[in-house]
Amino acid sequence: MSITRREFSRLGALALAAQAFPSVSGVAQGADRRVGYCVIGLGRIANHFLRGVAESSTSKITGLVSGHRGKAERIAQQYGVPKSSIYSYEEMDRFRDNKSIDAVYVALPNSMHAEYTIRSAKAGKHVLCEKPMSVAVSEAEAMIAACKANNVKLMIAYRLHYEPITLKTIKMIRDGAIGTVQAFDSSNGFNIAPGEWRSTKALGGGGPLMDVGIYSLNAARYLTGEEPERFTAVASTIDHDGRFNDVEENLSWTMRFPSGAVASCSTTYGAPMPGYYKVFGSKGWLEVASFGYQGQHLRASYSPGGRGTPATTVDETNPEQDPMHFVRQADHFSRCILENQTPDTPGEEGLRDMQHIQSIYRAAGISMG
Ligand code: NAD
């Protein structure tokens with residue numbers, strides 16, 4: 001591999017920076033400088049994360065927190081975690097003394113994110129917390145404050161911010177490829193099974209908006225680069241079959257951004273609703289299909305010369321397979337820890353979504369938190 005003098009200097013600077021910050025990161029020195037993660041909650045998303053970390057060169061699994069000892073022991077064996085690094089929820093705080101654990105991944109039901117983030121921060125561990133960050137704006141603020149007070153980093157697991165098609169789409173819009181953004185259109189939902197914690201207010205904090213509508217909200221923000229300032233919303237429940245005693249079944253909302261761009265989004269727990277967004281600009285449009293774990297597909301058509309001039313088209317799919325989103329996400333947070341950088345999706349990013357979710361629920365006449 002040939003390397004230019006400039007690249008060499010940059011690598012040298014990075015190596016120096018890594019040496020300069022061991023006490024900030026708290027990551028053990030030595031040959032293995034991978035960041036050690038303790039996974040809190042061993043459900044569906046944790047399984048993706050575990051597999052992603054196993055493929056990462058910056059991260060490793062060094063602890064597990066679970067209410068099911070047998071399941072935790074099986075997973076520990078699979079990922080080379082010693083039994084002494086398995087904790088119950090009640091005794092988790094003891095991991096303060098476990099030097100192999102640098103960070104935690106909070107993969108619990110939404111209403112538990114705040115408590116476990118704050119306890120982890122108090123134990124001196126960096127926190128990667130799943131979306132939605134919390135179920136109330138005040139909780140999100142408390143999580144940020146706890147991480148600051150304990151000098152640990154906080155990242156919200158918005159995995160698409162680290163996905164190449166998403167990054168390309170953001171760059172295309174910032175570079176003006178489709179001209180002035182006028183309108184954004186997005187949906188994301190699914191037909192929920194009975195008995196899911198997601199459809200209880202106590203654990204989900206809300207309905208599909210909290211869980212999957214947040215993808216449309218977050219995309220509208222990263223694509224426009226703006227914060228919405230006006231909201232309208234309507235919610236409904238059609239199926240009175242016990243699944244929606246606590247939360248909305250359907251929710252549609254609109255947002256207006258300071259530039260004047262408008263957004264229209266829908267979410268549901270009552271129908272298969274494949275995730276997508278479309279952005280319409282003065283020079284053309286683009287769309288990305290799927291907020292899922294793989295297969296992001298970008299299509300675009302725009303006229304660089306303006307109205308009536310020949311169009312450029314784009315049709316591109318990310319070929320990477322699951323769990324690559326989780327590899328990229330873990331790599332980003334681990335590098336931030338090792339190099340003392342702020343994550344691209346810090347707690348403040350999660351807080352802004354919580355503030356906007358509150359505004360959307362208010363507009364729909366639903367109370368949150
Ligand atoms: P899950 O139900 O599969 O797992 C939740 C885990 O929490 C289980 O291991 C369960 O045993 C444990 N738990 C502890 N206390 C519990 C309680 N009182 N009730 C229920 N479970 C309890 O859920 P999941 O789909 O893995 O979701 C976990 C988090 O991850 C949620 O916040 C969700 O929004 C988020 N998530 C993110 C993505 C993403 O792509 N980033 C995808 C799915 C879920």
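The crossing of helices α3 and α10 is right-handed in this predicted model. Helix α3 spans residues 44–54 and helix α10 spans residues 324–339; they pack at an angle of about 70 degrees, and their axes lie 8 Å apart. Because angles of 65 to 115 degrees count as roughly perpendicular, α3 is roughly perpendicular to α10. On the α3 side the contact is formed by I45, H48, F49, G52 and V53, and on the α10 side by F326, V327, Q329 and A330. Classified by residue type, this contact comprises six nonpolar and three polar residues, with no charged ones.

F49, one of the α3 residues that meet α10, also takes part in an aromatic pair. The structure holds nine such pairs. In the pair of F49 with Y105, the ring centres are 3.8 Å apart and the planes differ by 20 degrees, a stacked arrangement. The pair links distant parts of the chain, as F49 belongs to helix α3 and Y105 to strand β4 (residues 103–106), with the two positions 56 residues apart in numbering.

A second helix packing involves α7 (residues 164–174) and α9 (residues 208–224), whose axes are 8 Å apart at an angle of about 45 degrees. These two helices are therefore oblique to each other. Helix α7 contributes T166, T169, I170, I173 and R174, which meet Y222, L223 and T224 of α9. Four residues of this contact are nonpolar, three are polar and one is charged.

The backbone has several notable points in loops. The peptide bond between K131 and P132 is cis, with omega at about -15 degrees; P132 is placed in the loop that runs between β5 (126–129) and α6 (137–149). Another cis peptide bond leads from D322 to P323, where omega is near 15 degrees. P323 sits in the loop between β14 (312–317) and α10, the helix that packs against α3. S290, although not a glycine, has a positive phi of about 85 degrees, and this residue is found in the loop between β12 (284–289) and β13 (297–302).

Finally, the confidence of the prediction should be considered. The average pLDDT of the protein is 93, and 91% of the residues score at least 70. Over residues 1–25, however, the pLDDT is below 50, and this stretch has 15 contacts in the model beyond near neighbours in sequence. Where pLDDT is low, the predicted coordinates should not be read in detail.

Conventions:
Residues numbered from 1 in each chain as written. Predicted model: local features only at pLDDT ≥ 70, side-chain atom pairs only at ≥ 80, totals over all residues. Heavy atoms only, no water. pLDDT = per-residue confidence, 0-100. Contact = heavy atoms within 4.5 Å. Axes fitted to C-alpha atoms, helices over the stretch in contact; angles between N-to-C directions. Helix = DSSP H or I, 4+ residues; strand = E, 2+ residues; numbered from the N terminus. Parallel < 35°, antiparallel > 145°, perpendicular 65-115°, else oblique. Left-handed = near helix turned anticlockwise from the far one by under 90°. Nonpolar A, V, L, I, M, F, W, Y, C, P; charged D, E, K, R; others polar. Phe/Tyr/Trp six-rings, centres within 6.5 Å; stacked < 30°, edge-to-face > 60°.
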